[in-house]
Each structure stands twice: as C-alpha cells, then as structure tokens.
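Biologist: Before we discuss the details, could you please show the sequence and the structure? I shall then put my questions in turn.

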Amino acid sequence: MKAFSYKLAGSTDEATGTGTQSAFIAGGTNLVDLMKIDVMDPKELVDINQLPMRGVTLDNNGLRIGALEKMAYVAEQPDVVQHFPVISQALLKSASAQLRNMASIGGNLMQRTRCGYFRDVIMPCNKRVPGSGCPAFTGENRMHAILGVGNACCATHPSDLAVALVALDASINLQGPKGTRSIKLDDFYLLPKDTPNREHAIEPGELITGVTVPHTNWYQRSAYLKIRDRESYEFALCSAAVALDMDAFMIRDARIAAGGVGTKPWKLPEVAQALIGKRVSQATFEQAAEIAAKDAHPLSQNGFKVTLLKRTLTRALVQVGGGVA
Amino acid sequence: MNMVTQSIDRFDGKLKVTGQARYSGDHSLPNLCYGYLLQSSIAKGRIQSMDVSAAQSSPGVVAIFTPFNPLKIYSPAQAGEEGMISGDVIPLLQNPTVDYFGQTIGFVVAETFEEARDAARLVKLQYQTQPAIVELQAGLGQAYAPKSVSGMGATVSVLSDGVTSIDEALRSAPVLVSATYNSPIEHHNPMEPHATTAMWNGDRLTIYDATQWVQGQQRNLAAVLGIDEANVRVLCPFVGGAFGCKGSMWMHSPLTAAAARVLNRPVKTVLTREQMYSAVGHRPSVRQTVTLGATKQGELTALKHEVYSTSSRVKFFAEAAAHRTSLALYKSPNILVTHQIVPIDFAPGTFMRAPGVAPGMFGLESAMDELAVKLGVDPVDLRLRNYATAEPVHKLPWSSKHLDECYRVGAEKFGWSRRSPEPKSTRNGDWLIGQGMATALYPAHRSHAEVKIRFQSDGNVSVSAATHDLGTGMYTVLAIVASEALGIPPERIQAVLGDSGLTVAPVAGGSQTTASVSPAVAAAADSAIKKLIATAVSGTKSPFSGMNPSDVSYANGVVQASGKSVPFEAVLAALDRSAVEGSGIASPGEEEHKYGFLSFGAQFCEVRVNEWTGEARVTRFTSVMDVGTVVSQKTARSQVIGGIVFGIGMGLLEATKVDPNSGWIANRNLAEYLVPTNADVPHIDVEFLNIPDTTFNLLGVRGIGEIGIAGVPAAIANAIFNATGIRVRDLPITPESLLVDQKGMA
C-alpha cells in the first residue's frame with residue numbers, strides 16, 4: 001500500500017471538487033483491498049460517508065436508492081423485496097454477510113474485476129497498465145468473459161447488483177463539478193475495446209449519488225439466478241436477471257440480463273424481444289436463450305459458459321415464468 | 001489401563017476464542033523488527049541484476065539480504081536423499097538461480113511489517129528467463145521412476161503362482177474396467193499463516209515458530225545455522241491449523257533466525273497468504289490409471305494402479321497415491337502399483353492431509369464404483385466380496401479390522417438400502433439426487449515418545465511432552481488420559497506442549513500423536529506415583545514418614561497407608577516440596593513386523609446436481625470410523641468432520657490454478673482458491689465403532705487426523721454418477737463437467 005492522505009468530505013460539493021488523484025471511499029471493501037495489493041494507489045481518499053446520499057424510496061417516479069446505503073440494508077427493504085425481488089436476490093447472493101454490511105450501493109457498482117492478472121502487479125494487464133498486454137487470453141481464463149471481449153481485455157464485470165439493475169433499465173445519478181446528470185446504467189458501463197482502463201462513463205470528480213429504477217408493477221415477477229462453484233461468497237460463473245410481464249400464460253414484456261459472462265453487465269434485449277407475445281413453454285425459453293450466446297467468443301478454458309449461459313437463462317425463465325410441465 | 005472415552009469440551013477452546021492463546025506471530029519483543037520475503041516473479045532462470053538502492057533508502061529499512069548479499073544458510077543434513085524428508089532442502093538466497101515462481105530471492109528487514117513490505121516492492125530485478133514446465137501434462141515426457149516411494153520401490157507387485165505379469169492376469173479377467181483420474185495441485189491454507197519470531201541471547205537462539213514438530217525444527221535450524229542443537233529452543237504451544245505444511249522446515253524460519261543473529265535484534269516474519277502458495281509446500285498434481293480385472297461375481301482377479309505425480313525439479317516429493325492405497329485395501333491375487341515422477345519447475349511439494357491416500361482413494365474407490373455399475377452389483381456388496389482379511393502384500397494379519405462393521409453401520413444409518421442404483425432416478429424439482437459411498441483408510445503410525453508427569457503442591461498435575469495440538473485436541477486428549485491414569489479430574493490436569501525442551505515426541509503428522517504420546521502417559525503416571533510414594537515415606541515431616549513404600553498406596557490423588565488418607569498436595573506441603581515428577585516412555589515393538597496396522601472407515605454421501613446448470617452440492621454425509629479407542633469424543637468427532645469438509649473441498653472446489661505460460665499462480669488468495677463455506681457443508685453424521693486396538697498400543701488408539709478426508713472425493717463422484725449418470729474423473733468436479741446432455745440441450 002502506498003502512502004495517501006485522507007479527507008472527510010463535509011458536503012457533496014466539497015467531495016466533487018477534489019482532483020483526479022483522489023478516490024472516493026464509502027465502505028472501502030474493494031478499494032482498500034486493491035490499495036493493499038498496489039493495484040490502486042490514489043494519493044488522496046475522500047471519505048463520503050457523511051454525505052446525504054441515503055434512503056430507499058418508492059413512488060411513481062420509481063425506486064430511488066441512495067448511493068451510500070449498505071447492500072445488506074437495501075436487500076431487506078420491504079419495497080425492494082416485494083416490488084423488485086431481482087434486486088434483493090442479487091444483493092443477497094453477493095459477497096458475504098460481512099461485506100454486505102459494509103459495502104455501499106455506489107461502491108458495488110464501481111467494483112473492479114476479479115481477473116487475477118489485473119489483481120497482481122507483477123503481471124501485465126491492459127486494464128491496469130494500458131498496452132502492457134493480456135496474459136489471460138492464453139492463460140487462466142475459466143472465469144473470464146465470452147461476450148464483449150475485445151482484443152485488449154476479457155475480464156468479467158463482477159457485480160451481481162449491476163446485472164439486476166441493467167436488466168430493469170435503471171439509471172445512475174451522478175453529481176460533479178458541472179452539476180447533476182442521470183444516464184442509463186447500461187450506457188454507464190463501457191466495453192473494453194482498446195481502452196479497457198476506461199470502465200465507466202464517469203467524468204473526473206463525478207460522484208454516484210444514487211440509482212433510480214423505473215416503477216413497473218410487473219417487476220415484482222422477477223428473479224436473480226446465480227450459478228457458482230460454491231454455494232456462498234463466490235462470484236458468478238454465470239447469472240441471470242429476469243423479469244416477465246405475464247398475461248396468464250402469455251408473455252407481454254420481458255427484461256433480461258446476464259452476469260459472469262460479459263465484460264460488462266450484459267443486457268439481452270434480443271432475448272427479451274424473442275419472448276414477447278409468446279406463450280410460456282420450455283421450448284420458447286430455450287429458443288430465446290439460444291439468442292443470448294450468438295455473439296459469444298469463448299476462450300481456451302471457458303467454452304462451457306456458452307452452454308451455461310443458455311441453461312442459466314432457461315432455468316431462470318422457467319423459475320419466473322413457470323408453465324413447464 | 002481401562003479404555004477411556006470421554007466427551008468434554010476442548011481445554012484450549014476458551015483461550016483461543018478469547019484471543020489469549022498466543023500463536024507464533026503474536027509475540028512482541030523489545031527492539032523487534034520485521035522480515036518480509038521477496039519472491040521471484042518468474043518460474044525459471046537467473047537473476048541478472050538486483051537493484052536494492054531505492055529499497056535500501058525506503059523508510060524504516062534495517063537490512064536487505066539477497067543472493068548478492070546473502071545470509072549464510074548451510075545445507076540441511078538430509079539434503080539429496082530421496083524419500084521421506086520434505087521442506088526446503090536447498091538453502092535459498094545462496095545463489096541467483098531461480099527454480100520456481102514465488103521462490104524467495106530476498107529478505108527485507110524493517111522497523112515495521114509495512115515498511116518491509118513497501119521496501120520489497122522497490123527492489124528492481126532483471127531476470128534472464130528460461131522456458132519452464134509448470135504442469136503435469138507438459139512434463140509427462142520427462143517422467144521417471146524414483147528410487148523409492150513411501151519407503152517402497154517405485155514398482156511393487158504381488159502375483160499369484162504361475163502368473164507372469166499383471167497384464168496377463170488382466171487379459172484373462174472376465175470383466176475389466178480401466179480409467180484415468182486427475183487431480184490438481186492443492187494448497188493446505190491453514191488459517192494461521194506461517195510465522196517465526198527469533199531472538200538470540202549470545203549464541204543461544206529462542207524461536208517461536210509455527211511448526212508441527214518443535215524438536216525436528218530444533219535439529220534442522222541448528223544444522224542450517226551451524227550451531228549446536230542444545231543452543232536452539234523452539235516454542236510453539238498453539239498451531240492454527242497445519243495439515244502437513246508445518247511439518248517440515250521452510251526457509252523463512254532460518255532466514256529470520258540468521259537475520260536476527262546478524263542484526264543482533266529480534267526479528268519476526270509472518271508470511272502473507274500469497275507467499276504461502278510457493279514457500280511452504282502443496283499437494284502435488286496426480287494422474288492415475290486404475291485397471292480392475294474381476295470375475296462376473298465381482299471378485300477382483302487383478303488390480304493395476306499406475307500413478308504420475310508432479311514434483312519440484314529441485315526437491316523430490318512423491319504423492320504416493322497407489323502405494324498407500326491399492327497395496328492395502330482389497331484382496332486381489334494380483335496387484336501391481338507403479339509410480340512415476342513428473343518433474344516440474346514449481347515450488348516444492350510436501351505432505352498434505354492424507355498424503356497419497358487422498359488422491360489415491362479417489363482413483364481406487366471411483367474405479368470400484370465403475371466396476372460395481374458394470375457388474376450391476378451393489379457398491380457395498382462389491383467391497384465386501386473383496387474384503388481383505390489379511391494385509392494383501394505380506395499377508396500379515398490385521399491388528400484390528402472392523403471395516404465390514406463400518407459398511408454395515410454406515411449403510412444402516414444412511415439408509416443405503418433405499419438407494420436406487422439407476423442413475424437419474426431420484427429428483428427434487430430441477431435437482432437430481434444421488435447417493436454414493438467409498439471406503440476410507442489410513443495407515444496407523446506410531447513412534448517413540450516420552451511423557452513427564454508432575455504432581456504439584458498447588459493440587460494440580462502437569463503432563464508434558466514436546467508434542468503439539470494443531471487444533472486436533474491434543475491438550476484435551478492428554479488431560480483425559482492422565483486423568484484416567486491418576487484418578488484426578490481432567491480440570492486439575494494441565495497439559496504442557498509445544499516446547500522443544502520437553503521430553504521427546506514425534507512430528508505431529510501422520511495421524512500418530514495420540515497413538516504415540518498417550519501410551520507413555522500410563523508409564524509416566526506409574527513413575528510419578530512411585531516418586532510420590534518414595535517422597536512421602538522419606539521426609540521426616542511427612543505423614544507417611546519412615547513407612548515401607550510397599551505399604552503405601554495411591555488412588556485418585558490421595559496417598560494412603562494404615563488408615564491415613566492424605567491428598568498429594570498436602571503431602572508435598574508437609575514436606576515443603578513444590579513438586580515431584582516421573583517420566584515414562586512408550587515405543588512400538590515387535591508387533592510392528594507381525595501385523596498390518598490400518599484405520600478404516602466407510603463414507604456415505606448424498607448430493608444434488610442441478611439438471612440445467614450442473615452445480616453439485618453435498619446434502620448429507622454419514623461417516624463410520626474404525627479407529628480404535630476414541631479418547632476424546634468431541635474433539636475426535638471434530639477431527640473427522642474437518643476431514644470430510646476438507647474432502648468436500650477436494651471433491652468440488654479446490655485447485656491451484658497455474659498459468660501454463662509463466663508458472664504464475666492465478667489464485668493465491670482465499671477469495672479465488674475455493675474452500676467450502678458453511679453453505680457447502682451439510683449435516684455430517686459421524687459414528688465411531690470405538691473398538692480398542694490393543695495390539696497397536698496399550699490404550700488401543702489409532703490416529704484420526706487424516707482418515708476423515710479419505711474416500712470423500714470418491715463418495716461424492718460416485719454420488720454424482722448416481723444422480724446424473726455422468727462419471728467425472730477429474731477433480732474438482734465443477735459445473736462444466738455436468739452440463740452434458742441432461743436436458744437434451746447442447
């Protein structure tokens with residue numbers, strides 16, 4: 001860990017006015033980890049925990065979650081559990097109870113990849129040191145992405161919450177030196193392409209103040225399915241966030257995204273489109289899931305994720321949509 | 001002595017959960033400084049240059065030792081011998097050669113741990129890199145048969161009269177199964193990292209060191225530091241898990257001691273989790289082919305078990321997967337085991353919980369299940385049809401074997417009779433349910449040990465030896481055994497362990513501690529009682545003054561003669577004596593050559609496997625153990641549960657991922673090296689037959705530290721086959737192996 005200075009921000013303006021060598025710290029569960037292993041080395045930590053970016057509220061404008069709320073707290077809120085089960089489930093399947101008690105919503109959305117090459121400074125990594133190369137393409141890549149893989153990086157985005165939020169068309173609310181703005185979370189995450197070091201459409205000094213999820217009644221028919229090697233405290237091999245709008249056995253609308261397979265939380269609008277107007281059946285779900293992997297580029301060790309992605313989606317769709325004999 | 005078996009709480013439990021137990025890294029000393037290992041980032045080559053100038057001027061740095069400015073470390077006495085020894089046998093830091101990724105190539109000492117770590121990162125290195133072979137597959141072309149494996153030849157064969165080769169026996173077998181099984185490199189990952197705190201007083205070294213063998217560490221440290229053994233005292237009263245990786249000397253210990261000597265200051269080194277993946281051993285990767293020939297009734301006619309295991313090119317270690325299993329378990333008229341070493345440019349391997357046995361039983365007991373399926377015979381019946389009533393190689397009788405009872409009791413408790421042998425026949429929603437079983441075995445080892453017992457004037461008794469409690473329960477076991485021998489409640493017995501200055505005891509490895517040390521307690525108790533009586537009759541102020549010792553007796557802490565009954569502490573008080581003590585020894589004898597000594601068990605497992613996505617989870621486990629007398633029920637049960645959890649890890653989760661191009665270890669942390677969480681561990685039902693093996697020792701105890709893991713990965717794989725019809729032969733069993741052809745989807 002490199003030496004750094006620390007500042008407790010008294011106001012949002014004070015926080016966003018800090019320089020490019022600074023990093024915001026809330027729960028610190030990912031940032032401090034990465035500082036300990038020299039992967040991140042901000043000169044200054046700006047502690048935002050006293051800022052008023054709190055609250056979980058539901059009204060006609062949607063579900064608004066303050067960026068500083070803890071994962072554990074949000075997961076248990078009755079409005080979230082009842083109206084957005086996919087969000088609650090994604091949170092509860094993240095990390096461990098201890099981490100969920102510390103980690104904030106904003107921090108969760110900003111967490112860095114678990115790629116081992118990224119996390120070890122003795123190895124090359126295009127995300128950490130642009131242009132240094134990526135050993136994962138020919139090395140250990142079982143956990144890596146099959147979608148959105150460019151020439152420079154194949155690391156997965158690790159957040160479960162982000163998969164659920166991207167599926168539900170959530171927006172992220174930002175405040176910076178130039179004011180406030182709101183963009184779709186799906187647009188917030190960038191594909192690695194040739195600049196895997198640029199992960200987010202965030203400007204210098206900008207701070208996540210919260211997320212807003214549109215309020216749609218049928219989001220209560222949703223679920224998050226996470227497939228992992230071990231039962232707890234483990235990142236996804238593949239996950240699916242699914243919400244279905246049903247009229248008896250007919251699918252009126254759908255929201256779908258996948259995790260553990262993409263270089264960003266992977267929204268699947270074509271899969272959703274393929275379901276609309278169809279009657280629920282295993283065959284319908286399988287045909288739709290097939291579309292998910294059509295652009296997949298598996299690596300040497302993760303070819304199984306192509307099958308796993310389709311199976312995970314199908315299983316999640318059956319779970320949410322039912323109708324399978 | 002009576003058979004002892006008690007269920008009491010762990011004596012050291014409160015100390016541990018309240019933070020009062022001081023581990024080797026917990027000692028703070030005046031003027032202490034901190035050591036930090038600098039490890040290589042290449043797998044093979046030479047250090048061309050090492051610029052330490054920036055590191056040297058970094059805050060708090062006391063000294064930086066490198067191959068160009070080394071600490072003198074002599075070669076350990078045993079270096080070069082093939083076979084039993086382990087640990088680092090090539091002194092590190094003595095030359096600029098790099099033989100494996102993560103090799104210690106520098107030792108930085110600073111005023112704080114953080115300063116030492118920061119300085120280590122400032123050392124600028126230039127390597128001349130050479131191509132390295134870092135995995136079993138890539139090294140197969142260089143495989144060779146070693147001189148010895150587990151004390152035997154690389155090839156051991158038993159052929160019945162008139163049979164000229166195992167292949168001939170296999171050719172004439174009516175039924176044949178043959179399959180190859182693979183298991184990866186695995187790491188021990190004890191909760192407590194290796195830690196060493198060394199201080200010198202003149203030419204005398206006192207060292208707190210995380211070890212399974214204080215006296216072995218004492219000898220090895222003396223040898224490599226070039227000092228007299230009598231001048232080294234190794235202390236290690238508490239060990240936070242070891243599983244074999246603290247059984248040998250690793251270089252951070254002598255480097256710490258040597259630095260403390262040169263700097264004339266105490267030095268503490270605590271390894272990081274990352275460093276432990278290349279500095280303190282691992283279980284080698286194994287490829288094994290098991291070929292079984294049998295009659296149509298399932299009687300084995302030939303058993304061939306061929307093993308390849310990886311070994312560091314600089315340090316021989318054989319993971320004896322066939323020698324320690326197939327030569328011991330089944331009655332077969334023809335048996336052949338072979339072992340080949342695959343040299344790789346990787347850190348030294350070492351003993352890891354049930355060395356050889358854990359991977360070997362995965363191969364052998366999976367193959368037996370494959371045979372049972374092929375024959376349509378129940379897996380338990382198949383094992384009973386091949387039950388070895390004598391040790392298969394030398395045909396010696398068993399000291400005590402009740403494995404058939406383990407199968408029977410286990411099947412009953414588990415409900416085995418309700419199992420459908422047909423794969424995919426039981427389900428719960430999307431989850432396919434399967435049941436499988438496997439045998440467990442582990443050799444019963446025993447070594448010479450000496451125990452001291454001391455009656456104290458405070459009314460307590462101490463029982464001591466240079467042995468260890470690795471979390472295994474040895475403090476509790478010794479208190480129980482001494483309590484029985486002396487008729488004093490265990491609360492009044494203080495076990496003292498983990499000091500090289502105590503009486504001789506073997507390495508706390510090979511599941512031998514209870515079987516080695518406990519029998520000496522009886523002799524020590526006899527000796528201490530004799531001393532107590534002699535003292536009671538000799539002193540003029542004693543209530544028993546002048547009596548004939550043969551008229552004086554001892555029972556339950558009380559000295560008795562001619563109507564007088566006086567507690568031993570009152571006798572000592574009357575004589576103004578602080579204590580009297582006696583010691584006793586116990587050693588294996590002639591029986592060693594007359595019997596086969598093994599512990600046995602039966603493992604029954606239920607799994608669920610999701611038919612869409614292939615996750616396998618263990619849902620139920622029953623284990624029945626034939627391990628002789630069980631001294632301490634509670635800690636023994638914990639030991640077996642711990643072994644089964646270890647086995648669940650080996651079966652479903654654990655693998656050290658090595659970058660094939662660089663030898664870099666991809667998952668050097670507990671987030672990415674997966675071990676079971678509580679959510680992965682179901683209720684585990686453990687039963688002990690508790691039949692004393694008094695041929696083995698007076699108490700009838702055999703070891704239980706390792707047998708718990710034996711057979712577990714096979715029981716899981718067999719249950720997964722029963723659930724899915726998919727036979728997985730590579731560990732760990734992860735979803736990609738189970739995505740095949742279940743829902744009729746690609």
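Biologist: How far apart do the C-alpha centres of domain 1 of chain B and domain 2 of chain B lie?

Modeller: This is a predicted model, in which local features need pLDDT of at least 70, side-chain atom pairs count only at pLDDT 80 or more, and totals for chains, interfaces and linings use all residues; side-chain values use heavy atoms, with hydrogens and water left out. Residues are numbered from 1 along each chain as its sequence is written, while chains are lettered from A and ligands numbered from 1 in the order in which they are written. Domain 1 of chain B comprises 17-131 + 191-241 + 246-279 and domain 2 comprises 383-445 + 593-738, with bounds from an automatic or database domain assignment. The distance between their C-alpha centres is 36 Å.

Biologist: Which three residues supply 76% of the area that domain 1 of chain B buries against domain 2 of chain B?

Modeller: The two domains bury about 750 Å² between them, 66% of it on carbon and sulfur atoms; buried area is the accessible area (1.4 Å probe) that two parts lose on being put together, summed over both. On the side of domain 1 of chain B, the three residues that supply more of this area than any other three are B:Phe101, B:Glu274 and B:Tyr277.

Biologist: How many salt bridges are there between domain 1 of chain B and domain 2 of chain B?

Modeller: Six residues of domain 1 of chain B are in contact with ten residues of domain 2 of chain B, contact meaning heavy atoms within 4.5 Å. A salt bridge requires a side-chain nitrogen of Lys or Arg within 4 Å of a carboxyl oxygen of Asp or Glu. Between these two domains of chain B, the count of salt bridges is zero.

Biologist: How many salt bridges are counted between chain B and chain A?

Modeller: The contact takes 42 residues from chain B and 34 residues from chain A, and the two chains bury about 3,300 Å² between them, 52% of it on carbon and sulfur atoms. One of the salt bridges links B:Glu672 with A:Arg114, the closest N and O atoms being 2.9 Å apart. Between chain B and chain A, the count of salt bridges is six.

Biologist: Why does the salt bridge of A:Arg112 and A:Glu199 tie together parts that are far from each other in the sequence, and how many residues apart are they?

Modeller: The closest N and O atoms of A:Arg112 and A:Glu199 are 3.0 Å apart. A:Arg112 lies in the loop between α7 and α8 of chain A, whereas A:Glu199 lies in the loop between α9 and β8 of chain A, so the parts tied together are separated in sequence by 87 residues.

Biologist: Which strands of the sheet β7-β15-β14-β13-β8 (chain B) stand at the edges?

Modeller: Helices (H or I, at least four residues) and strands (E, at least two) are DSSP runs, numbered from the N terminus, and two strands pair if DSSP finds at least two bridges between them. This open sheet of five strands has mixed pairing; four bridges join β7(B) to β15(B), which run antiparallel. Each edge strand has a single partner strand, so one side of each is left without a neighbour in the sheet; these strands are β7 and β8 of chain B.

Biologist: What angle does the direction of helix α9 of chain B make with that of β8(B)?

Modeller: Axes are lines fitted to C-alpha atoms, for helices over the stretch in contact, and angles run from 0 to 180 degrees between N-to-C directions. Helix α9 (residues 357-375) packs on the sheet and touches β8, β13 and β14 of chain B. Its direction makes an angle with that of β8(B) of about 145°.

Biologist: Which residue of β27(B) is the bridge partner of B:Phe621?

Modeller: A further open sheet of chain B has the order β16-β17-β25-β26-β27, with mixed pairing. Five bridges join β26 (residues 616-626) to β27 of chain B, and the two strands run parallel. The bridge partner of B:Phe621 is B:Ile684.

Biologist: What is the omega of the cis peptide bond that joins B:Leu731 and B:Pro732?

Modeller: Most residues other than glycine have a negative phi, and most peptide bonds are trans. B:Pro732 is found in the segment after α16 (712-724) of chain B. The omega of its cis bond with B:Leu731 is about -10°.
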